[in-house]
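Subject: Structure handover

Hi,

Here is the structure I promised to pass on. My notes follow below it.

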Amino acid sequence: MLGSTVACPYCYNRINPGKLHFQCTGRAAPGRDRCVKSVDQDRQRLTGYAAPAWPTFPPPESRNPLGQRVAQCPDCGVDTGVRACPVCHTPLPANFAESRSPLIGMVGGKNSGKTVYTTVLVHELRHNVRRRFAADVSFAGDQQGDAGSLGNWLKLYERSLFDQNMLFESTAAARDGLKVPLVLQWRQPKRGKLGRTTHSTTTLSFYDAPGEDMTTQEFVNGQAYLGSADGLIVLLDPFELPGAHDRIAVPDAARRETEPPLTVLNRITEMLRLTHGVKASKRITIPIAVVFSKIDAFYKMLGDDHPLLTKPQAGAFYNETAGQDTDEHIRALLTDLDADDIDSHLRSHYKQFRYFAVSSLGAEPDYRKQQVDAGGVRPFRVDEPLLWLLGMFKIIERSGG
Ligand SMILES: Nc1nc2c(ncn2[C@@H]2O[C@H](COP(=O)(O)OP(=O)(O)OP(=O)(O)O)[C@@H](O)[C@H]2O)c(=O)[nH]1
Ligand SMILES: [Mg+2]
Ligand SMILES: [Zn+2]
Ligand SMILES: [Zn+2]
């Protein structure tokens, strides 16, 4: 988090919270004509949002470093308190200006399970995890009643996975253009001094871009996204680890175009060095959660009693002891699978990283029929990477360790 700027969770540019734009509410002052919605070219170019939206305008001059909370629309005269990003003009969560919130992002290789993981993680957050932490987890879009910003894709994927037991086709960049990032806010109550409760807010911005896009130079937002991230979840496909094929049976249908995890990591590292301006002699400081997805495929190989298959004790905290344990076991597994070069890479380039093994589905799907196991979606340890990061940012507590 750099000085007085925060990252816009939609376009990832660093913006000054005191200089946020306002967005018209579309209601119009008495006796005046209403504003009209139109497609905002900047917003479309920078975030992929192509639907018409109410106009935005810069804040009036103010001495207050946070600026004023309400301003009058220059076109229709209505008072509005809706704030928007000065660069991409996307309306921001209500308390965005005051919350110096870290931005957590997710990236991964092609076919690594990003879309399934995002859908399942968000589902878990909104149901179980929220309750467990007594946190308020909301879509930034909910607050503005701006259904378009949430994008229909999540609902679509959620229905597909949880109601119809079906997977979906590869996320195609060209199919519907850039998709709008999925922005969630995690508001966590904290017991402060004198027993007073305060809240800290974290913005989670998930950009479910196709794997190859996210980490290539051509992808306009890829650089900004990685450059603005205060913490990163990196999803890797364990089927592509060198020794995996000798140890587990992975049908060809499970391996559409893929890439070795080390190649993916190399690209991400390069981009992070570039965007965060990290000298070759120094290591990258932002915490990286290195997540192996689809771990269900290794259940048999590991055996029922394997520590990786035990869910850590849950409470309103990140279980640090279990986390360290898991990290060690995955390191050993990597050696086992002839992939310890991944560990060498991470050690030499990152100050803070930790391994995670998750299964979004909880059981192997029928890869050919694209069908989820008959038992339905049973997420396994999907929340831990995020909880670790929230613990690193001191937003939630850590136990043990
Ligand atoms: N065994 C197992 N397979 C999974 C799991 N999650 C995803 N997969 C498999 O991985 C495939 C790809 O998952 P997606 O979420 O579409 O992967 P992606 O990273 O979004 O892929 P692209 O959008 O093409 O980059 C799925 O079709 C499944 O076959 C899981 O939890 N367990
Ligand atoms: Mg996808
Ligand atoms: Zn107006
Ligand atoms: Zn923006």
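Along the chain, the donors of the zinc ion (ligand 4) are spaced as C-x2-C-x73-C-x2-C. One pair among them links distant parts of the chain. Cys8 sits in the loop between strand S1 (6-7) and strand S2 (14-15). Cys85 sits in the loop between strand S7 (82-84) and strand S8 (103-108), 77 residues apart from Cys8. Please keep in mind that this is a predicted model.

The full donor set of ligand 4 is Cys8 (SG), Cys11 (SG), Cys85 (SG) and Cys88 (SG), at 2.3 Å. The angles among these 4 donor atoms run from 106 to 114°, so the site is tetrahedral. Cys8 has 0% relative accessibility, so Cys8 counts as buried. Cys85 is also at 0% and counts as buried.

Now the zinc ion (ligand 3). Its protein donors are Cys24 (SG), Cys35 (SG), Cys73 (SG) and Cys76 (SG), 2.3 to 2.4 Å away. The spacing here is C-x10-C-x37-C-x2-C. Cys24 and Cys35 lie 11 residues apart, in the loop between strand S3 (21-23) and helix H1 (41-47). Both Cys24 and Cys35 are buried. The 4 donor atoms subtend angles of 102 to 115°, which makes this arrangement tetrahedral. For reference, the ideal angle for four tetrahedral donors is 109.5 degrees.

Last, helix H9 (residues 261-275). At 1.5 Å a residue, its 15 residues should span 21 Å. The end C-alpha atoms are 21 Å apart, which agrees. Buried residues in H9 include Val264, Leu265, Ile268 and Leu272. Gly277 follows H9, with a positive phi near 55°.

Best wishes

Key. Residues numbered from 1 in each chain as written. Chains lettered and ligands numbered in written order. Predicted model: local features only at pLDDT ≥ 70, side-chain atom pairs only at ≥ 80, totals over all residues. Heavy atoms only, no water. Donors = N, O, S within 2.8 Å, 3.2 Å for Na, K, Ca; no water. Tetrahedral: all angles 85-135°; square planar, octahedral: opposite > 155°, others 65-115°. Helix = DSSP H or I, 4+ residues; strand = E, 2+ residues; numbered from the N terminus. Buried < 20%, exposed > 50% of the residue type's maximum accessible area, 1.4 Å probe, protein only. Expected span 1.5 Å × (residues − 1).
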